[in-house]
Every structure is written in C-alpha cells, then in structure tokens.
Amino acid sequence: MDLQEFLGEWNNQSDTVLVHTSGSTGKPKAMRVEKRRMEASARLTCDFLGLKPGDTALLCMPLDYIAGKMVVVRSIVRDLQLVSVKPSGHPLAGIDTPPTFAAMVPMQVYNSLRTERERNLLKAVKHLIIGGGAVDQALETELHDFPNAVWSTYGMTETLSHIAMRRISGSGADCWYTPFEGISVSLGDDGCLVIDAPAVCQSILHTNDIAELHADGRRFRILGRKDNVICSGGIKIRMEDVENMLRQHVPVPFTITKRADSQLGEAVVMLFEGTDAMIGNIKEVCLRVLPKYWRPKGYIPVSQIPITETGKPARAEAQKIANAAHGSDCTC
C-alpha cells in the first residue's frame, strides 16, 4: 500500500481501516479498526511528546501495518508536515534535514548508527520513537547519550500502536514504561499484562506479555512473552532471557527458539547466521556464558534469521526451521 492509497481509504465513507498484525508468532491476521480510535491514539502520542502543528514527521515504515498508518494519522490529527520515504533499512539515507519526529524499528536505528552521516541525522531528530521489537541493551547503550529524546514504545496492532513509552536517552532514561493518560495496566493470573485503554481499545486486552508492575502500580516492564517460554525438562526458560545473556558474546545475528524433544519435552535451539564451521565457537560461548539448563541442544546455521516485515523476530518461522532441521543440529 502506498501513501495515496491509504489516504484514499482514510477519507472514504467507511468508519474503519484495514490493518494487519505483524505475524511475529504466526501468520499475519487482517483486522478492521475504527478511525476515531486511531485518531484518539494519535492525539495521545502527540500530546505525550508535545508535537505541534508544522513539526515534520518521517514516514519510513510500510503502510500495510499499524505503525506506518499511525504516523500518517498523527500528521493529520496534529497538522504535522509528513516526509515520506520508501521503507528500507536506512531510512535517513535519502534526506538532508532531520525530522522533528521519527518512528523506526530497531533494525532501522541500528543501521542508521553504522554510518556517520545517518548517525548525525538520527542524533538531530527531536523525538525518536522505536517500536516493533525490543531494544536490546547494546543498542540502548549507543542511544543513551543522544542529545534529544529517544523512546522505546510498548503496544501492538490491537492497541492501535503504542500505549506506553520509556525514555532511553539522557538523564530521564528509565527501564519502566509509563502508560499514556487514561490508560491503566494490571497483571492477569498468568502474570501477563492486562491493558485497559478505553479510548483506543473497545475491550480490556489480556496480552501474552509476561510483565512486572512497579511499586507505584502504574509503570511496568516486559519480561518476555508467554508464547516464548520453553518448557525443557520441567524447567521454564524464556527465550528473551537466553538471548539477552548471549547478546554481548555472539558476534553474528542469532535467535533462540525451540523444538519438540522426546526426552525433555521441548529443547532449546539456536539459529545463527553463518556456517557449520562456526558451530564449535558458538557452542563454546554458550557453554561458558549460559546456565546448564539454558544451553542449546541444537545449533542451526541459516543464511538469514527470519524476521517479519516490521523487523520483529519471526518466532513461528524460526520454530519451523528448528523442527525441520534435526539432521543439521549439533547435540550438546
């Protein structure tokens, strides 16, 4: 979908817009969302960031998904000047003037930091929000000293983009997400986040994100997804915890997934970008860094780690690769 096509859909007589989920845990799903709720979400973001008419907003994400659509809606609601570029891994490559506001996925931010020109433009963005996936510690460290506001966002298609942010840069950096005005969160019996956001979501939303609430009862942080728990030999292992522990030690892109195992029930598996010749070194890192029960039972080299169009790990696809690749595994 291009910008003119979306604007045509936005300005038609329908009260709803078609969006697709990211597909990180399976096949993307189509759903229709109300335009008035998208406008409400846009106002929440603009108010939180203090965006004002005439500010520039960079559109650099696909318009098939809610993140891209909401950049346009924010521009309409707050009368921002929209700067549209083709979605790519280097969204700043073709522009000369930094926008006031930009929304990117972690991969786009990471790539922009790798070249001096794009890094300087990124540093000059007044409000940079990062969504569509977790911001790992290495990337967060790179962004900490940025002179302007950099935010990690929390949300999903069902909440019409983000409902909370946490500051990454400067003295106000925080590991806790703060919900927008009028939005409250709690924990369900399964330890997952429950969101009450009446302006943007018609019903209370029970997520699959395992969370922790701050003592103030308002702020929260995400520990991982319930879907991403590996039950191996009676021990529950969060994929994100394993990935975070390895992040500073494995020099190539990788992801942790699982496969069925007759002895353990489920086994930890690592996919990494590389060749069979690298398995020995990566296995040695895992043996040195990880607790015994977290160590992968299989190491699978791939040409590219599966990701969704919005830059998230494609967990369902990674698991399919793991289940199909028993012959390629190196057993610990």
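This report describes salt bridges in a predicted model, with attention to where the paired residues lie and how accessible they are.

The structure holds 21 salt bridges, and three of the individual pairs are set out in the table below with their N to O distances.

| Acidic residue | Basic residue | N to O distance |
|---|---|---|
| Glu142 | Arg119 | 3.8 Å |
| Glu140 | Arg166 | 2.9 Å |
| Asp190 | Lys226 | 3.0 Å |

The side chains of Arg119 and Glu142 meet in a salt bridge, and this pair links distant parts of the chain, since Arg119 belongs to helix 5 (residues 116-124) while Glu142 belongs to helix 6 (residues 137-143), 23 residues apart. Arg119 is partly exposed, with a relative accessible area of 25%, and Glu142 is likewise partly exposed, at 26%.

Helix 6 also contributes Glu140, whose partner Arg166 lies in strand 8 (residues 161-167), so that two parts of the chain 26 residues apart are linked. Both Glu140 and Arg166 are buried, which means that each has under 20% relative accessible area.

The salt bridge between Asp190 and Lys226 connects two loops: Asp190 sits in the one between strand 10 (184-187) and strand 11 (192-196), whereas Lys226 sits in the one between strand 13 (220-225) and strand 14 (229-232), 36 residues away. Asp190 is partly exposed, with a relative accessible area of 42%, and Lys226 is also partly exposed, with a relative accessibility of 39%.

Beyond these separate pairs, Glu34, Arg36 and Arg37 are joined into one network by salt bridges that share partners.

Technical notes. Residues numbered from 1 in each chain as written. Predicted model: local features only at pLDDT ≥ 70, side-chain atom pairs only at ≥ 80, totals over all residues. Heavy atoms only, no water. Salt bridge = Lys/Arg side-chain N within 4 Å of Asp/Glu carboxyl O. Helix = DSSP H or I, 4+ residues; strand = E, 2+ residues; numbered from the N terminus. Buried < 20%, exposed > 50% of the residue type's maximum accessible area, 1.4 Å probe, protein only.
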